[in-house]
Amino acid sequence: MTDKNFEEVPEDEGSDAAASGPAPQENPDAGQKPDSAEAKAAEGSDDDLTVDDILNAEQTDEAAASDDASLADAENALLTDLKRLQAEYANYRRRTEEQRHIEIARAKGEAAKGLLPVLDDLDRAAQHGDLVEGTPFFVIGEKVRAVVERLGVVSYGAAGEEFDPQHHEAIFQQPTPGAEKSTILEVVEVGYRLGDVELRPAKVVVAVPAE
């Protein structure tokens, strides 16, 4: 047999060694997209902008129109709110003024009602001749009547006036020959009113047509 001075190399190892060569070097820029460089450049340009650059930048027509529309809407909303507040305040003042007049009239009416019995006594004293001009009683009576007049209280109801059931209280009806309509024949108690408020109706004797 012939001696072999070399070792046999397995076929698999030889094939792998032949196939394996220096690994190809990857290009670091091969996987990047072309736009990445532009994006980096854009980012770098944004970093260079200052506040003055942004404020002094020219505004487009569309942006200006949008700003004008927004400003107009805000002005319209403020104007609407202002008109609503003015209307509410006007209504509040009107209600307050009406309520004030009602309270004043009510207070005057209560004060005048307390003086009505005094006025009745003065009327009776005058009918009996007790109110002689120049006497202290006469002077006091005139002062009381002046206070009542300042309050705005007026008297009503006199003989010969047409009878009005809304303002006169008939305590007796007297058939009277020749009477064509109901008239006041005699005033038993004078009526008083304060403005449109009736403090007391006049109590009267009514002359009615005789049947």
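Helices, of at least four residues, and strands, of at least two, are runs assigned by DSSP and numbered from the N terminus. With that in mind, the chain in this predicted model can be read along its sequence as the pattern α-α-α-α-α-β-β-β-β-β-β, which amounts to 5 helices and 6 strands.

Turning to the chain as a whole, buried residues make up 13% of its 211 residues, and about 17000 Å² of area is exposed, with carbon and sulfur atoms supplying 53% of that area. Among the contacts with a separation of 6 or more, 64% are accounted for by residues 24 or more positions apart.

Two residues that lie in strands can be set side by side.

| Residue | Strand | Relative accessibility |
|---|---|---|
| Ile171 | S2 (residues 168-176) | 44%, partly exposed |
| Glu189 | S3 (residues 183-189) | 19%, buried |

Is Glu189 buried or exposed? Glu189 counts as buried because its relative accessibility is 19%, and buried means under 20%. Leaving aside neighbours within four places in sequence, Glu189 is in contact with Asp120, Arg200, Ala202 and Lys203. Ile171, by contrast, counts as partly exposed, because its relative accessibility is 44%, a value in between the 20% and 50% limits. Together with Phe172 and Val188, Ile171 makes a nonpolar surface patch of about 280 Å².

As for the aromatic rings, the count of aromatic pairs comes to 0, although Tyr156 does have a charged partner, since Arg193 lies over the face of its ring at 3.9 Å from the ring centre.

Methods. Residues numbered from 1 in each chain as written. Predicted model: local features only at pLDDT ≥ 70, side-chain atom pairs only at ≥ 80, totals over all residues. Heavy atoms only, no water. Phe/Tyr/Trp six-rings, centres within 6.5 Å; stacked < 30°, edge-to-face > 60°. Lys NZ or Arg CZ within 6 Å of the ring centre and 35° of its normal. Patch = residues over 30% accessible without salt bridge, like charges linked within 9 Å, V, L, I, M, F, W, Y side chains within 5 Å. Areas by Shrake-Rupley, 256 points an atom, 1.4 Å probe, with all protein chains shown as cover. Salt bridge = Lys/Arg side-chain N within 4 Å of Asp/Glu carboxyl O. Buried < 20%, exposed > 50% of the residue type's maximum accessible area, 1.4 Å probe, protein only. Contact = heavy atoms within 4.5 Å.
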